[in-house]
Amino acid sequence: MKKYFIKDDGTIKLTNMLVLIGILFFIVMTFVYLKFFKVSLEEPNETYKQTEKTSSINMCNDCDFYFTLDSLEFNVYSEYRIDKYLEIKNMSLNNIKFEVEDKSLFTIENKGTDLNIVTKNKVGKTKLVATYDKIRKEIEVNIVANEIKDISLSENPYYIYNGKSNNVEIITDPIGIDLSSIDLSVLDPNIAKFENGSLVGLSEGITKLRLLYNGVEKFQDLYVYNDLIHVEVMDKNKELKDLYKIGLKDFKNDAYDIIVSLDDNFNKGYSLNDLVITHEDNGVEVTVTYDGKYSLDKLSYKYRITINGTEGSSLIKFALGNSTRLLEVGE
């Protein structure tokens, strides 16, 4: 080793000494770099990653929102901007998720830059739920109707058997309004009446049902008949349906088949000869033609109805003793 650095004359081999010093310097600098300098460069990255992870969990430490009212009330067929009923702190309305428990009452919809409550044609109560991260708020919403747009019975005209009672189904617009505000009555109380919420047939005849709401008066025909005659309409699939009205558009080649059945519940010996068929034409001319017996074991007969005309109506009356059955043709 000594000969490597010192010559025979006792002088130092300068080149070899410089190489050794260079190697030692490289080793020392490498150690310092690995020990201190590299760590100082990596620490900011670790800090950044940790901060980034923390911010993704805590979306907003100081964010909050709340409804400005204890409950909300809206009218049917309307739209309302939801931001008018919210106070928001350090956040955007778009970050809040809204859910409606009963979507048949209203929905939340984007209208350009606005988020709106859009009510439908039904009254009732539900809840609106708003959530953001772990913040959850809910509020009761009541959908009301300032006025009734329309009201009618489920059947028009309305038919009922003599001596029987029927529950009357009322269709309203908007849906679900309080029926206690509707006044129902029968023009001729000798033919039918309302009793305990049901319509009762008192005697055979024709009268009208009167519906009164919001000062508006509406009438629908009411027919009370004895249960001796059944008129069934044969559709295009040759299936029988118990109908009271045939639209003009339903006729094929201006003709329609019907089946008339007689039920002699009182054993008076009724037959086909006792059936009287008449009609009152109003714009549409009707012809009712006998087309033979329909069933061998019943008093059931087939008739063919032909019409002439494209506008108007005709009322066909089937009478057997004191029993009457009506079939309306037309719009």
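**Exercise 1.** In this predicted model, decide whether Asp133 is buried, partly exposed or exposed, and then find where Asp133 lies and what is notable about its backbone.

*Solution.* Begin with the relative accessible area of Asp133, which is 46%. Since buried means under 20% and exposed means over 50%, with partly exposed in between, Asp133 is therefore classed as partly exposed. Next, locate the residue in the chain: Asp133 sits in the loop between strand 8 (124–132) and strand 9 (135–144). Finally, look at the backbone, where Asp133 shows a positive phi of about 55° although it is not a glycine. Most residues other than glycine have a negative phi.

**Exercise 2.** Work out where Asn90 is found and what sign its phi has.

*Solution.* Asn90 belongs to the loop between strand 4 (86–89) and strand 5 (97–100). Its phi is near 55°, which is a positive value in a residue other than glycine.

**Exercise 3.** Determine which kind of peptide bond joins Asp173 and Pro174, and in which element Pro174 lies.

*Solution.* First read the omega angle, which is about 10° for the bond between Asp173 and Pro174, a cis peptide bond. Most peptide bonds are trans. Then place Pro174, which lies in the loop between strand 13 (170–173) and strand 14 (183–186).

**Exercise 4.** Identify which residues make the nonpolar surface patch, and examine the exposure of Ile27.

*Solution.* The patch, of about 560 Å², is made by Val19, Leu20, Ile23, Leu24, Phe26 and Ile27. Of these residues, take Ile27, which is found in helix 2 (residues 14–57). Ile27 has a relative accessible area of 52%, and because exposed means over 50%, Ile27 counts as exposed.

Note on methods
Residues are numbered from 1 along each chain as its sequence is written. This is a predicted model: local features need pLDDT of at least 70, side-chain atom pairs count only at pLDDT 80 or more; totals for chains, interfaces and linings use all residues. Side-chain values use heavy atoms; hydrogens and water are left out. Patches are made of residues with over 30% relative accessible area and no salt bridge: like charges are joined within 9 Å, nonpolar side chains (Val, Leu, Ile, Met, Phe, Trp, Tyr) within 5 Å. Accessible areas come from the Shrake-Rupley method with a 1.4 Å probe; for residues, only the protein chains shown count as cover. A salt bridge is a side-chain nitrogen of Lys or Arg within 4 Å of a carboxyl oxygen of Asp or Glu. Helices (H or I, at least four residues) and strands (E, at least two) are DSSP runs, numbered from the N terminus. Buried means under 20% relative accessible area, exposed over 50%, partly exposed in between (1.4 Å probe, protein chains only).
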